[in-house]
Amino acid sequence: MRIDLHMHSRVSDGTDAPAELMRRAHDAGLDAVALTDHDTFDGLAEAADAASELGLAFVPGLEMSTQVNGRSVHLLMYGGDQADGALAAELARIREGRDGRLQAMLAKLAALGMPLETAEVEAFADDASSLGRPHVADALVARGYVADRDEAFGAYLADDGPAFVDRYCPPLEKALSLVGAAGGVAVLAHPWARGRRHDLPPAVLRRLVAAGLDGLEVDHPNHTPADRRQLGALASELGLIATGSSDHHGTGKKRGFELGACTTEAGQFERLRALIRQRTPSPR
Ligand code: AMP
Ligand code: FE
Ligand code: FE
Ligand code: ZN
């Protein structure tokens, strides 16, 4: 059984519509998937329908933007009540922050000699409920300023880049409590990718268990073999679910983020599904 529990559609910063993404997951030989768009549930209904037609096991998910010490940390939510009011309000606030920073980013890019119209960015975010830097990157590519999203981030858009503009993200503890109150299963996304190890050392991860953390994404394309060994050992020590996933973004992320690039063990997937069944009231 091949299980990939972290991927993005055009509803956030992936490049496939939710139904297309499910078709491609099926073609890639996956048996179980979760759609985890950034800060929105909007793609889940379409993806669930497509998955069911394909005979693909589907877990509804979300990747929530949060922060620790002012630095970006991503939290995956699986299952739970998508209509939970407090969670929905927080997600709306995060998405407003995404929209609100666009003009400041465009001003920085213009000052760097790369003017862009708002509409050029919006054209790439047509189907997106969650506007992100990758859509700005796509507009930079279309203008010929950069070759691809990778170069756009490397030169301008990364957190330490010259066109970066901060946006609202709740503290990780607050996100954990919102996800928990909504009955979701909380798994820390790529905890040690891109220098995050500094903000989330083992001692901090241990404390997060009491704050409601259920799992760690151990296998991820941005984790080194040593990261994976240490996070795997930590997960079993702390009784956390250990997942593995591709973080696929369609053609938006190259090299190593293909569907199924990292996968979750069947036993860990069963633990995840058991927790979801326990916490999510079944519709009748
Ligand atoms: P934002 O959601 O606006 O904060 O932008 C962050 C998103 O940009 C992440 O979710 C990644 O999907 C994407 N990203 C970060 N670095 C890169 C990169 N080097 N190439 C392509 N996409 C990237
Ligand atoms: Fe993304
Ligand atoms: Fe992420
Ligand atoms: Zn992701």
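Let me start with one term: donors are N, O and S atoms within 2.8 Å of the metal. Keep that in mind for the model on the screen, which is a predicted one.

First, the zinc ion (ligand 4). Its donor residues follow the spacing H-x1-H-x54-E-x183-D in sequence. Glutamate 63 of that set sits in strand 3, residues 57–68, while aspartate 247 sits in the loop between strand 7 and helix 11, so this pair ties together parts 184 residues apart in sequence. The full list is His6 (NE2), His8 (NE2), Glu63 (OE) and Asp247 (OD), at 2.1 to 2.2 Å.

What is the arrangement around this zinc ion (ligand 4)? Irregular, because the 4 donor atoms subtend angles of 79 to 170 degrees. For reference, four tetrahedral donors would ideally give 109.5 degrees.

Are the two acidic donors buried or exposed? Glutamate 63 has 1% relative accessibility, so it counts as buried. Aspartate 247 is buried too, with a relative accessible area of 2%. Aspartate 247 also has a positive phi of about 55 degrees, although it is not a glycine.

Next metal. The zinc ion (ligand 4) is separated by 4.6 Å from the iron ion (ligand 2). The protein donors of the iron ion (ligand 2) are Asp13, listed twice through OD, His38 (NE2) and His249 (NE2). They lie 2.1 to 2.8 Å from the ion. The site has 6 donor atoms, with angles of 50 to 155 degrees, and it is irregular.

Along the chain, the donors of the iron ion (ligand 2) read D-x24-H-x210-H. Histidine 38 is in the loop between strand 2 (32–35) and helix 2 (44–54), and histidine 249 is in the loop between strand 7 (241–244) and helix 11 (266–279), so these two tie together parts 211 residues apart in sequence. Both histidine 38 and histidine 249 are buried.

Third metal: the iron ion (ligand 3). Its donors are Glu63 (OE), His74 (ND1) and His190 (NE2), at 2.0 to 2.2 Å. Glu63 is a name you have heard already, as a donor of the zinc ion (ligand 4). The spacing here is E-x10-H-x115-H. Glutamate 63 is in strand 3 and histidine 74 in strand 4, so the pair ties together parts 11 residues apart in sequence. At 12% relative accessibility, histidine 74 counts as buried. How far apart are the iron ion (ligand 3) and the iron ion (ligand 2)? They are 5.5 Å apart.

Now the surroundings. Start with histidine 220. This residue lies in the loop between strand 6 (215–219) and helix 10 (225–238). Its relative accessibility is 0%, so histidine 220 counts as buried. Its side chain makes a polar contact with the side chain of aspartate 247, at 2.9 Å. And aspartate 247, remember, is a donor of the zinc ion (ligand 4). Beyond four places in sequence, the contacts of histidine 220 are His190, Arg228, Ser245, Asp247, Phe257 and Cys262. His190 on that list is a donor of the iron ion (ligand 3).

Then threonine 40. Look for it in the loop between strand 2 and helix 2. Threonine 40 is buried, at a relative accessible area of 1%. Its side chain reaches the backbone nitrogen of aspartate 42 at 3.0 Å. Not counting residues up to four places away, threonine 40 touches Val11, Leu62, Arg95, Ser129 and Ser130.

Last stop: the largest pocket. It holds about 1,200 Å³ of space. The lining is made by 41 residues, and Arg133, Phe153, Asp159, Arg194 and Arg196 lie nearest the centre. Strand 3, strand 4 (71–78), helix 6 (133–142) and helix 7 (149–157) each give two or more residues to that lining. Which element gives the largest share? Helix 7, with 4 residues.

One pocket residue deserves a second look: arginine 194. It is in the loop between strand 5 (185–188) and helix 9 (202–210). Arginine 194 has 61% relative accessibility, so it counts as exposed. It has a positive phi of about 45 degrees, and it is not a glycine.

That's the tour. Thank you.

How values were computed: Residues are numbered from 1 along each chain as its sequence is written. Chains are lettered from A and ligands numbered from 1 in the order in which they are written. This is a predicted model: local features need pLDDT of at least 70, side-chain atom pairs count only at pLDDT 80 or more; totals for chains, interfaces and linings use all residues. Side-chain values use heavy atoms; hydrogens and water are left out. Donors are N, O and S atoms within 2.8 Å of the metal (3.2 Å for Na, K and Ca); water is not among the atoms, so sites may look incomplete. Four donors count as tetrahedral if all angles lie between 85 and 135 degrees; four count as square planar and six as octahedral if opposite donors are over 155 degrees apart and all others between 65 and 115; anything else is irregular. Buried means under 20% relative accessible area, exposed over 50%, partly exposed in between (1.4 Å probe, protein chains only). A polar contact is a pair of N or O atoms within 3.5 Å; within protein, one must be able to donate a hydrogen and the other to accept it, and residues adjacent in sequence count only if both atoms are side-chain atoms. Contact means heavy atoms within 4.5 Å. On a 1 Å grid over the protein atoms alone, a cavity is a set of points where a 1.4 Å probe fits but cannot get out, and a pocket is an open set with protein on both sides within 12 Å along at least five of seven lines; lining residues have an atom within 4 Å of a point. Grid points are joined across faces, edges and corners, and a volume is the space filled by probe spheres set on the points.
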